Structure formats: C-alpha cells, structure tokens
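Trainee: I would like a close look at one part of this model. Please take the long helix pairings and build outward from there.

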Amino acid sequence: MPKPTRYRLVATAAALLSGAVHAQVDPALRDAAQRAIETQPEVTARLNALRGGEESIAIARAGLRPRIGLEASAGRTSDRITTRNPEGQSLNQTGVALSASQLLWDGQGTLREARRSERERVVRWYELADATEVAALEAARAHYDVLRFRRLVALAEDNYVQHRYAHGQLRSRFEAGVGRGVDLEQAGARLALAESNLLSETANLHDVSARYQRIVGTLPPATLAFKTLDGTALPTSAVDAITGALRDNAAISAGIEALRAARAGAQARESAYQPRVEARVRTGAGRNFDGVPDQKRDTSAEIVLSWNLYNGGADEARVRQATHLLNQTADLRDKACRDTRQTVAIAYSDLRKLAEQQQVLDRNTVAIEKARDAYRQQFDIGQRSLLDLLNAENELYTARRALTNAQFDHAVAQARTLAAMQRLTRELGLKVPAEQPMPGEDEARMAEDLPARCPAEVVQLQTAGREALDDRAAKLIQAAPPLKR
C-alpha cells in the first residue's frame, strides 16, 4: 500500500461542501442521487449518530471540569450517647451547603476517555461519508436500471410486434390454402414466447421503478435520457483504482479511526490501577448544621486520595476485554480493506471488459439484423423456412438485449468504481450532510494504523491472448480437409 500523505477525504469533503456542479452530469441522475442522500434513512441515521458523537465528547470532557453542587436540607435527628446523655437528645436541623470538587489525577482515565470520544466522532463522520457514497451509488444504479428496463420493454414490444406480424401473415396464407398448419403452430408458439418475454420485462420494469421509489423517495420521471458519467474521472489502470480506493475509501478510514478509538479506550481502562486525587471545597450554614448542636456555619477544604486496591479482579478483566476488542477492531479494519479491494478490482475489471464487449455485441447485433432482413426477403420468395425466420428474429432480440445490458452494466461499473474510490458524490456535484471535514493525521501516525493484511495487489490472469487464439484457429483451418466441389 502506498504511503499516504493525509486523509484525502478532507479535500474531498471540501469539494463536496462547495456544491460544485459538473456540467457534463445528467441532471436527472444528479437530482436522484441528491434526493437519495437527503431522504434515505441510512444517511440521516448516520448524521444523527455523528451529532450524538459530538455530544459524547462534551460528556467526556465534563469530567475534566469542576463539579459544583448545592444542597439544602431540613430534618430532625435523635442521638443517644450513654456516656454523656443517656436519655438521648433530639435536634431540629436546617442547612444549605455549596460544594465544589476538581479532579486532579485519575491516571489520565478521563482524558483518555475524552480522546476516545473524539476518535469515535471521527468514526461517525467517516461512516456518514461512506453512507452518503453508498446512497449515491444506489441512486445511480436505480436510475440506470429504470432506463435499462424501459429499453428492454421497448425491445420486447418490438419483438412481440414482429412475431405478431409473422403470425398474421402465416394465418392469412393458411386461410388462403397456400400455407401449412404446422407453420402456423410454430408461429403461434413463438408468439406466445414473445408475449411471455414482454410480460417478464414489464414486471421487471415495475420492480426497478419501485426500488427507485424506495431509494430516491419519488417515482422515476416519465422521460429519462441515457447519459454515462464522465470517463476522464476514472482511473487509467487497475493499480491506480485499487491504490486510490485503499487510500480514500471512507469505510477503511472509519476502520482506522475505530482502531484508534479502541486503543484510547484500552488505555483508559488501565487508569483503574492508578489512585484518584480530588480537591474538594464545601461551605454551608444553617441551624444545628450537619446535626451538630448550635453549629451555624461550617467550611472545609481538603485533598482526597482514593485508591482501589482490589475489587474482585474486575479491573484486570476489563483491561483484557479492551485488548480483545482492540484486536477485533483491527480485524474489522482489515476486513473493510479487503472488501473494498475486491469491490474496486471487480468494478474496474467490469469497466474494461464491458467496454470491449459493447463493441463486439454491437457488431454482432448489426450482423444479425442484416441476416434477419435477408432471411425475411428469402422467406417471402420461398427460399427460407418459417423456422429460419423465427430463429433470426429471436436471435436479433437476444443480441439487442445483450447489447443493452452491456451498455447499462458499463454505466453502473463506472459508478461502482468511482464510489469505491470515494469520488462518485464529487463527480456528481452533490451536497453532503456532513457539517465539517475531519482533521487529518500526520503521515507516521496514519502509517502505523493502515490495514496490515491488505496489500494493494492486482489480480493477474494467465490467459491466452487474442492473437494466440487466432493463431490456433488459423492452424485448424489449414489442417482442415479441402472442400469437395
């Protein structure tokens, strides 16, 4: 893993908060992602967790400040001291006392707890950044899926129309006595399949529209245009993609900060072995104050030391527990790193694969469309069978469907790659709910806490190249027996 300089998310957050809008971004996609960020419960829950973390810092820091209390009492006491007053004595007492105490030393337990709370707040901030990125990705996926299935429905409708047309022609021929009944039955079967495909695609469109509504909060617009993200923002190599993701991904940064918080918590547990020293001041006045006859006023100032020498081994158990939790947090940090590495590796591989696949599928679709048109002309003059024509129609529908899926899968792969690198919200020009960016750490400190079991390695496949495969095919052609005339 390369040596980082500072948290790149700090700069990223500054760009996000500026609300810069990229002109090349599809406005419908940007609006959907923005609404998803603003309305998704997952994001708002993380925002509330961040705000709660800010209050936990104030709670922890309160232990470093003085405590002032006011106490008022009224009552009656009855004492019996056999050596001085065998018959007993009763007193009516009233009083008001003001006390103040200041912690002087507790083994730095309160200070370390405050530091742990500060680190926990940073964890909450990165979790919010991660939830925001995920919400933007899910909105982009929902946006592209609605577009995808609208196009697939249109293809299924066209496929149904073509089969209905072929079925109608054959019925006319059969009724005129120039067609065969078996051809009509075959056409009817293919028409039923085309109708089933149309129903399936329509149901899929309904489902992705409902998913869009869940993620974005509104129904998808009636008209949407297909526009991919800006390709210049994508990394140029798999190494750059993985390196950028491991450096900038918010989930990994949250894991690093969680490790620091757990370390501070473990150190705070060790303070139980240290004495606790407090300065206390108390002054009060009243009648028979503190139950002392005729006492009207009392003032005291003291330094109090308390030291827990033994409490059943609970302190040692808490230290051991904190150590195990620290190791668990390190494991979770490494898991987040491995998950992110896998996500960006697959997304970037899909990006490259689908870009090449689209070109091949486009050539395939054009060739099949030409063949279908030729088959239709030959069928009209009796040189092709009905089965040939129907097979060509189905093959064209399958090719168009594969090309459509590849186009939208490529667009989603772009969004997945950018989201893994914590760049999607920035490229879409979205406003995020985080109030302020978190401060960065020095290089040496961050390097200590980077995932230890997650190197930035790229999967290398040992496969035959295209030229080698072409050479194998050429050898088979040369070895084939000559054609007989």
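Mentor: What follows starts at helix α9 and then moves to the rest of the chain.

This is a predicted model. Helix α9 covers residues 386-420. One of its residues is F408. Is F408 buried or exposed? F408 has a relative accessible area of 1%. The cut-off for buried is under 20%, so F408 counts as buried.

F408 has an aromatic partner, F226. Their ring centres lie 4.4 Å apart. The planes meet at 40°, so the pair is tilted. F226 sits in the loop between α5 (181-216) and α6 (238-248). The two rings are 182 residues apart in sequence, so the pair ties together distant stretches of numbering. The cover on the two partners can be set side by side. F226 is partly exposed, at 28% relative accessibility, whereas F408 is buried at 1%. A further ring joins them: Y144, F226 and F408 form one aromatic cluster.

Helix α9 also holds N405. This polar side chain is buried, with a relative accessible area of 17%. What does N405 touch, leaving out residues up to four places away in sequence? The partners are R148 and L152.

Now the charged side of helix α9. E393 lies in this helix. Its side chain meets that of R376 in a salt bridge, at 2.5 Å from N to O. R376 belongs to helix α8, and the two residues are 17 apart in sequence. E393 is buried at 5% relative accessibility. R376 is partly exposed, at 23%. A second bridge joins R384 and D388, with the closest N and O atoms 3.8 Å apart. Here both ends are partly exposed: R384 has a relative accessible area of 29%, and D388 has 25%.

Helix α8 spans residues 314-380. Besides R376, this helix holds D334. D334 is buried, with a relative accessible area of 4%. Leaving out residues up to four places away in sequence, D334 touches P451, A452 and R453.

Next, other charged pairs. The whole structure has 32 salt bridges. One of them links R276 to E278, with the closest N and O atoms 3.2 Å apart. R276 is partly exposed at 32%, while E278 is buried at 5%. Elsewhere, salt bridges link up into a network of R46, E113, R116, E120, R124 and E127.

Back to the aromatic rings. The count comes to 3 aromatic pairs. Besides the tilted pair, there is W125 with Y126. Their ring centres are 5.0 Å apart. The planes stand at 85°, so this pair is edge-to-face. W125 and Y126 are both buried.

The surface has a nonpolar feature too. I68, L70, V96 and L98 form a nonpolar patch with about 430 Å² of accessible area together. Which strands supply it? β1 (67-81) and β2 (85-105) each give at least two of its residues. V96 lies in β2. At 45% relative accessibility, V96 counts as partly exposed.

Now step back to the whole chain. There are 12 helices and 4 strands. Of the 485 residues, 39% count as buried. The accessible surface comes to about 27100 Å², and carbon and sulfur atoms hold 52% of that. Among contacts with a separation of 6 or more, 85% join residues 24 or more positions apart.

Last, confidence. The mean pLDDT of the chain is 86, and 90% of the residues score at least 70. Helix α2 (residues 27-39) has the highest confidence, at 95. Helix α1 (residues 8-18) has the lowest, at a mean of 35. Over residues 1-23 the pLDDT is below 50. That stretch still has 61 contacts in the model beyond near neighbours in sequence.

Definitions and conventions. Residues numbered from 1 in each chain as written. Predicted model: local features only at pLDDT ≥ 70, side-chain atom pairs only at ≥ 80, totals over all residues. Heavy atoms only, no water. Buried < 20%, exposed > 50% of the residue type's maximum accessible area, 1.4 Å probe, protein only. Contact = heavy atoms within 4.5 Å. Areas by Shrake-Rupley, 256 points an atom, 1.4 Å probe, with all protein chains shown as cover. Patch = residues over 30% accessible without salt bridge, like charges linked within 9 Å, V, L, I, M, F, W, Y side chains within 5 Å. Salt bridge = Lys/Arg side-chain N within 4 Å of Asp/Glu carboxyl O. pLDDT = per-residue confidence, 0-100. Phe/Tyr/Trp six-rings, centres within 6.5 Å; stacked < 30°, edge-to-face > 60°.
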